[in-house]
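Subject: Handover of a structure and a summary of the findings

Dear colleague,

Please find the structure below, together with its sequence. I would be grateful if you would keep it open while reading the notes that come after it.

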Amino acid sequence: MRIVILSDIHSNLVALDAVLAGCGEHDAIWCLGDTIGYGPQPNECVERLSGHHVVALSGNHDLACIGRVDLAIFNPVASAANRWNGQQLNAASRQWLDALPSQRVVDERTTLAHGSPIDPVWEYLLTWSQARRSFAAFTGQLCLVGHSHLPLAFTRHPDGTIEQLSPISDGHVITLGDPQQRYIINPGSVGQPRDRDPRAAYAIFDTGRNTISFARQAYDVAATQQQMRAAGLPEILAARLSHGI
Ligand code: ZN
């Protein structure tokens, strides 16, 4: 099976479509949440995903947009964009998002969590010590997370030592060998990358080869920015897409 791992699409349909066109044949999509918020095409992104064989999570922005998390928790710019995203949602999109969990065990090997297996809605899993705590919070070999918009990977060796694998660049391949060798992997963000590379980030899980490969996909950033400006979304959210911040 070839599974596309996506996260933090953030209503950026142009980026999502570029990834789906560029990622090659696949059997399934696993989406780690924050499908909407920030960007200009929330319904279209939900429709695109729900038309695929997808296993999806909800993220903090999704929950804010559908009214299950207080918008006041976010900074004013994110809050304004989330309010706008929520107002655009049709009943089908709202229902689809509302039914998603923020964490799920896909099979005995793999757990998906938006933020972390400790706090799936809110934790930004970025550091070695957070990874150490998170490895104790899921069973199985693999936990896939999003939320930070940064591609990264931690491994827990069979002797218990934990290592951050870096740098994670375009084309980086992790081979999942010994089941006792465990991993926490973040594919990065499709719709709002924050590692100073504006290209959409994602990963491919090839279960036959037993690999997870990180990938980047260039897309028409200006097209998304134009849609955001036309919708009256905050300029800073459009501008940051050019810089991958
Ligand atoms: Zn996000």
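The following paragraphs set out what was found.

Please note at the outset that this is a predicted model.

**The zinc site**

Four protein residues supply the donors of the zinc ion: D8 through OD, H10 through NE2, D34 through OD and H149 through NE2. Their distances from the ion run from 2.1 to 2.6 Å. Along the chain, these donor residues follow the spacing D-x1-H-x23-D-x114-H. The angles among the 4 donor atoms span 87 to 173 degrees, and the site is classed as irregular. For four tetrahedral donors, the ideal angle at a metal would be 109.5 degrees.

As to their surroundings, D8 and H10 are both buried. H149 sits in the loop between β6 (142-145) and β7. The backbone of H149 has a positive phi of about 65 degrees, although this residue is not a glycine. With a relative accessible area of 2%, H149 counts as buried, because the cut-off for that class is under 20%.

**The cavities**

The model contains 2 cavities of 30 Å³ or more. The largest cavity holds about 50 Å³ of space. H10, a donor of the zinc ion, is one of the residues that line this cavity. The lining also includes N12, Y38, G39, P40, G191 and Q192, and T224, M228, L237 and L241 belong to it as well.

Y38 deserves a separate remark. This residue lies in the loop between β2 (28-31) and α2 (42-50). Y38 has a positive phi of about 70 degrees and, like H149, is not a glycine. Its relative accessibility is 8%, so Y38 counts as buried.

**The six-stranded sheet**

An open sheet is formed by 6 strands, in the order β3-β2-β1-β11-β12-β9, with mixed pairing. At its edges are β3 (54-56) and β9 (173-175), each of which pairs on one side only. On average, neighbouring strands of this sheet are turned by 20 degrees against each other, direction ignored.

At one of these edges, β9 pairs with β12 (residues 211-217) in the antiparallel sense, over 3 bridges. Within this pair, V173 is placed opposite S213 of β12.

**Strand β7 and its partners**

Strand β7 covers residues 152-156, and 4 of its 5 residues are buried. Which strands pair with β7? One partner is β10 (residues 182-186), which runs antiparallel to β7 and is joined to it over 5 bridges. In this pair, R182 of β10 is the bridge partner of R156. Another partner is β8 (residues 162-165), also antiparallel, with 4 bridges to β7. Here T155 stands opposite E163 in β8. In general, strands of a sheet pair through backbone hydrogen bonds.

β7 and β8 together make a hairpin, with 5 residues between the two strands. In the turn, G160 has a positive phi of about 95 degrees.

**A cis peptide bond**

The chain has a cis peptide bond between S166 and P167, with an omega of about -5 degrees. P167 belongs to the loop between β8 and β9. This loop thus links a strand of the hairpin to an edge strand of the open sheet.

With kind regards

Technical notes. Residues numbered from 1 in each chain as written. Predicted model: local features only at pLDDT ≥ 70, side-chain atom pairs only at ≥ 80, totals over all residues. Heavy atoms only, no water. Pairing = 2+ DSSP bridges. Axes fitted to C-alpha atoms, helices over the stretch in contact; angles between N-to-C directions. Donors = N, O, S within 2.8 Å, 3.2 Å for Na, K, Ca; no water. Tetrahedral: all angles 85-135°; square planar, octahedral: opposite > 155°, others 65-115°. Buried < 20%, exposed > 50% of the residue type's maximum accessible area, 1.4 Å probe, protein only. 1 Å grid on protein atoms, 1.4 Å probe; cavity = no way out; pocket = protein on both sides within 12 Å on 5 of 7 lines; lining within 4 Å. Points joined across faces, edges and corners; volume = space filled by probe spheres on them.
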